[in-house]
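Work through the exercises below with the structure open beside you. Try each task before reading its solution.

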Amino acid sequence: MESTVTDRLQSFRELYEKQGYRLVGKNSAIKICLWTKRSLLGRGECYKAKFYGISSWRCLQLTPSLFHCTHLCTFCWRKVEATLPLEEGLPPDDPSEIVERGILAQRELLSGFKGNPGVDLRRWREAQHPNQAAVSLAGEPTLYPLLGSLLEELHRRGFTTFLVSNGTLPERLERLEVEPTQLYLTLPAPDRETYERVCRPRIPDGWERLNRSLELLSSFSCRKVLRLTLVKGLNLKDPEGYVRLVEKAGPDFLEPKGYFAVGYSRQRLGPSFMPSHQEIRDFAERLQELTGYRIVDEAPVSSVVLMKK
């Protein structure tokens with residue numbers, strides 16, 4: 001049995017490394033974001049730079065839970081089959097080692113950019129010292145038992161932190177001893193049936209758990225965002241249903257965002273499931289009619305709208 005798990009892990013590691021991930025622990029990894037590369041070349045920045053003021057070239061995209069998730073979402077860019085059963089746990093990586101090794105791996109992956117004549121060298125030098133961590137990337141980060149310590153270590157090093165969760169572990173969120181700079185919860189459906197079809201939860205009570213996390217959200221003092229990942233023909237519907245859940249959570253911001261056919265999601269869904277930015281904008285306008293949230297910005301290239309309470 002142990003040999004089977006070891007063999008499977010090795011094949012998963014090889015798969016992720018071929019995709020540009022760098023393992024920085026047994027269950028932790030970083031990967032250079034497309035927008036980090038584009039920002040170094042002066043070809044734009046991530047919508048989070050426009051909305052929240054981060055510097056895309058200084059963002060460290062990491063996960064402390066690469067091989068574990070409570071969902072097998074249809075819209076996920078990962079090869080979701082490269083996920084260990086939840087009962088097959090791995091020893092948690094040390095938070096300081098994740099950060100230190102993550103920074104070093106990021107520098108190594110960006111080293112070749114220095115010789116590119118199109119690169120802004122000032123930005124490249126700044127990119128050697130990232131100051132923003134997106135704790136998301138792949139897997140569900142709240143499965144990592146030392147998450148509070150990881151956030152504390154990042155803050156100690158001067159990072160701001162964006163924690164992205166699917167909300168299926170409300171007890172972990174409730175016990176989180178250190179808050180991120182910004183907490184994202186993904187809201188993928190307006191009802192249980194759609195949730196189960198879109199997210200394919202690996203736990204029997206995922207919908208109830210997500211709703212408990214929504215109820216917890218207002219207890220956080222950090223900036224809080226609900227991201228509505230919207231897939232044409234699947235969950236881009238029933239704005240009234242979403243509004244009921246939004247009102248339960250009371251976040252500071254909403255981000256209706258269109259699905260993009262990238263990575264392995266192309267094998268499950270594909271381009272025909274991608275809504276246009278205008279469709280996302282229309283949906284946001286309907287949410288605006290039904291709530292106290294107002295459209296304050298948008299990034300058409302990323303098919304996302306920002307709404308503020």
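**Exercise 1.** Find how many residues line the second largest pocket, and which of them lie nearest its centre.

Solution. The structure is a predicted model. Start with the lining of the second largest pocket, which is made of 13 residues. Next, pick out those nearest the centre: Asn27, His68, Leu90, Leu143 and Pro145. Then sort the lining by character, which gives 8 nonpolar residues, 4 polar and 1 charged. Last, the volume of this pocket is about 180 Å³.

**Exercise 2.** State the order of the strands in the open sheet of 10 strands, and name its edge strands.

Solution. Following the sheet across, the order is β1-β2-β3-β4-β5-β6-β7-β8-β10-β9, and the pairing is mixed. The edge strands are β1 (22-23) and β9 (294-299), each of which pairs on one side only. Now take one pair from inside the sheet: β6 (residues 182-186) and β7 (residues 223-230) run parallel and are joined by 5 bridges. Within this pair, Leu185 is opposite Leu226 of β7.

**Exercise 3.** Determine which residues have the most contacts inside the largest nonpolar core, and which helix gives the most to this core.

Solution. The largest nonpolar core holds 59 residues, and Val135, Leu150, Leu187 and Leu226 have the most contacts inside it. The helix that gives the most to this core is α10 (residues 239-249), with 5 residues. A further core lies apart from this one; it has 17 residues, including Val164, Val225, Phe253 and Val304. Now go back to Leu150 and leave out its neighbours within four places in sequence: its contacts are Leu62, Pro64, Pro95, Ile98, Val99, Val135 and Tyr144.

**Exercise 4.** List the buried residues of α10 and say what covers them.

Solution. Going along α10, the buried residues are Pro239, Gly241, Tyr242, Val243, Leu245, Val246 and Ala249. Their cover includes α9 (206-216), β7, β8 (253-258) and α12 (277-290). After the helix α10 comes Gly250, with a positive phi near 60°.

**Exercise 5.** Is Ser136 buried or exposed?

Solution. First locate Ser136: this residue is in the loop between β4 (132-135) and α6 (147-156). Its relative accessible area is 17%. The cut-off for buried is under 20%, so Ser136 counts as buried. Finally, check what Ser136 touches: not counting residues up to four places away in sequence, its contacts are Leu62, Thr63 and Val164.

Technical notes: Residues numbered from 1 in each chain as written. Predicted model: local features only at pLDDT ≥ 70, side-chain atom pairs only at ≥ 80, totals over all residues. Heavy atoms only, no water. Core = buried A, V, L, I, M, F, W, Y, C linked by side-chain atoms within 4.5 Å. Buried < 20%, exposed > 50% of the residue type's maximum accessible area, 1.4 Å probe, protein only. Helix = DSSP H or I, 4+ residues; strand = E, 2+ residues; numbered from the N terminus. Contact = heavy atoms within 4.5 Å. Pairing = 2+ DSSP bridges. 1 Å grid on protein atoms, 1.4 Å probe; cavity = no way out; pocket = protein on both sides within 12 Å on 5 of 7 lines; lining within 4 Å. Points joined across faces, edges and corners; volume = space filled by probe spheres on them. Nonpolar A, V, L, I, M, F, W, Y, C, P; charged D, E, K, R; others polar.
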